[in-house]
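Work through these exercises with the sequence and the structure side by side. Try each task before you read its solution.

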Amino acid sequence: MRLAQRPTELIGHTDMIRVRSLSELTGCDIWLKLESQNPGGSIKDRAALQMIQDALASGELEPGMTVVEGTAGNTGIGLAIVARSFGLNMLAVMPNDQSPEKERMISLHGAELKTVDPVPFRNENHFYHTARRLAESRDDYWWANQFENTSNARAHYLTTGPEIWQQTDGAIDILVSVAGTGGTIAGNSMYLKERNPDVQVWLTDPDGSGIYSYLKQGEYIAQGGSFTEGIGIMRLVDNFRQAEVDAAVNLPDQDLLALSRFVREQDAIVLGSSSALNLAGALQAAALHGPGKTIVTFACDLGERSASKLYNEKYLRERGLNLELEPIFDMYARYREQGDSVWYKQD
């Protein structure tokens with residue numbers, strides 16, 4: 001138990017839970033690090049705190065200024081909480097197709113919210129470019145720039161990675177993570193591989209993202225799309241550039257749908273879409289590595305933030321997803337047979 005004077009003091013030191021059903025199915029110990037326990041309900045609180053602390057320390061940011069960021073939601077919530085704790089204002093720029101749950105939380109934490117139409121990154125009206133222009137328009141604005149600001153990855157090198165190492169007594173074999181900005185997988189992979197170079201780092205990519213393609217063939221190519229929010233990159237950014245990735249797999253939304261329902265029923269764990277993607281990647285890694293491994297992945301945020309999409313049957317049908325779900329045992333068997341679809345780093 002901790003006592004704190006401000007919410008920022010409660011960021012980090014999150015618990016882990018063994019996903020009993022999948023651990024028993026695979027013979028591995030599959031652990032979820034519960035980043036939903038952070039004050040803002042997501043792993044992005046860590047990056048938000050580190051980016052603001054580092055900017056205050058360097059003098060780039062001063063009390064009374066406004067933090068500006070383009071966000072799919074969770075980073076905006078984290079920055080809103082941290083900004084208010086340090087006497088700063090917050091302006092979040094967000095695509096208007098993200099979950100209303102995230103929009104609501106940003107506003108509840110006192111941040112100003114500007115929504116824009118979702119457009120490709122090359123379009124100057126993309127939320128990233130809009131946030132940059134706004135930040136450049138005033139001297140009392142500071143752009144957090146979570147994609148290129150490597151304080152993002154540093155947060156996980158300094159806090160998340162050491163926590164995982166301690167919680168597993170150094171016995172972790174495989175880390176599985178999605179990538180949005182790349183900060184989480186970069187910081188954790190750097191720390192864990194410093195402690196043990198044999199730790200395997202798996203990246204799980206959704207449809208509509210180009211990271212898997214970039215790792216496999218050197219260019220960002222994406223097919224289809226996903227209901228996951230804030231996950232996937234179509235360009236090489238400074239945070240992901242630091243990631244030490246050993247394997248990568250691309251998984252469809254249909255698998256996330258089946259896995260999320262299975263874990264809810266068997267383990268009483270409600271996953272958000274990014275967390276379901278993480279856990280599907282952990283299942284794939286377990287299927288191909290075999291029993292006896294300790295695998296850690298992340299519950300990135302609160303499952304309720306996916307209520308309007310992952311747990312909304314009308315929305316799922318409109319996306320063409322099949323609500324007659326594949327049994328998890330069949331999915332596991334399929335994963336054991338599709339090793340050829342996994343990208344592996346060549347030494």
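## Exercise 1: The parallel sheet

An open sheet of 4 strands runs in the order β5-β4-β3-β6, with parallel pairing. Strands are DSSP runs of E with at least two residues, and helices are runs of H or I with at least four, numbered from the N terminus. Two strands pair if DSSP finds at least two bridges between them.

The model is predicted: local features need pLDDT of at least 70, side-chain atom pairs count only at pLDDT 80 or more, and totals for chains, interfaces and linings use all residues. Residues are numbered from 1 along each chain as its sequence is written, and side-chain values use heavy atoms, with hydrogens and water left out.

**Task.** Find which strands stand at the edges of this sheet. Then follow the pairing of β4 with β5.

**Solution.**
- Step 1. The edges are β5 (112–116) and β6 (141–143). Each has a single partner strand, so one side of each is left without a neighbour in the sheet.
- Step 2. Neighbouring strands of this sheet are turned by 25° against each other on average, direction ignored. Such angles use axes fitted to C-alpha atoms, for helices over the stretch in contact, and run from 0 to 180 degrees between N-to-C directions.
- Step 3. Strand β4 (residues 89–95) pairs with β5 in the parallel sense, over 5 bridges.
- Step 4. Look at P95: it stands opposite V116 in β5.

## Exercise 2: The mixed sheet

**Task.** An open sheet of 7 strands has mixed pairing. Trace it from edge to edge.

**Solution.**
- Step 1. Write down the order: β1-β2-β10-β7-β8-β9-β11.
- Step 2. Mark the edge strands, β1 (16–18) and β11 (343–344). Each pairs on one side only.
- Step 3. Start at β1. It runs antiparallel to strand β2 (residues 29–34), and 3 bridges join them. M16 stands opposite K33 in β2.
- Step 4. Add the helix. Helix α6 (residues 151–167) packs on the sheet and touches β1, β2, β7 and β10 (294–299). The direction of α6 makes about 140° with that of β2.
- Step 5. Go on to β7 and β8. They run parallel, joined by 4 bridges. I174 stands opposite Q200 in β8.
- Step 6. Next, β8 and β9 pair in the parallel sense over 5 bridges. The bridge partner of W202 in β9 is A247.
- Step 7. Finish with β9 and β11, an antiparallel pair with 2 bridges. A247 stands opposite Y344 in β11.

**Task.** Why is strand β8 (residues 200–206) called largely enclosed by the rest of the structure?

**Solution.**
- Step 1. Take the cut-offs: buried means under 20% relative accessible area, exposed over 50%, partly exposed in between (1.4 Å probe, protein chains only).
- Step 2. Count for β8: 6 of its 7 residues are buried, so it is largely enclosed.
- Step 3. Repeat for strand β9 (residues 247–251). Here 4 of the 5 residues are buried, so β9 is also largely enclosed by the rest of the structure.

## Exercise 3: The cores

**Task.** Which residues have the most contacts inside the largest nonpolar core?

**Solution.**
- Step 1. Define the core: a set of buried Ala, Val, Leu, Ile, Met, Phe, Trp, Tyr and Cys residues joined through side-chain atoms within 4.5 Å.
- Step 2. The largest one has 56 residues, and L22 and L279 have the most contacts inside it.
- Step 3. Helix α11 (residues 273–289) gives the most to this core, with 9 residues.
- Step 4. Check L279. Among the residues it touches are V19, L22, I30 and L32, not counting residues up to four places away in sequence. Contact means heavy atoms within 4.5 Å.
- Step 5. Another core, of 29 residues, lies apart from the largest one. V116, A153, I211 and L215 are among its members.

## Exercise 4: Two single residues

**Task.** Are G182 and K345 buried or partly exposed?

**Solution.**
- Step 1. G182 lies in the loop between β7 (174–177) and α7 (183–195). At 3% relative accessibility, G182 is buried.
- Step 2. Beyond its neighbours within four places in sequence, G182 is in contact with I233, N239 and F240.
- Step 3. K345 sits in the segment after β11. Its relative accessible area is 45%, so K345 is partly exposed.
- Step 4. K345 and V245 are 100 residues apart along the chain, yet 7.3 Å separate their C-alpha atoms.
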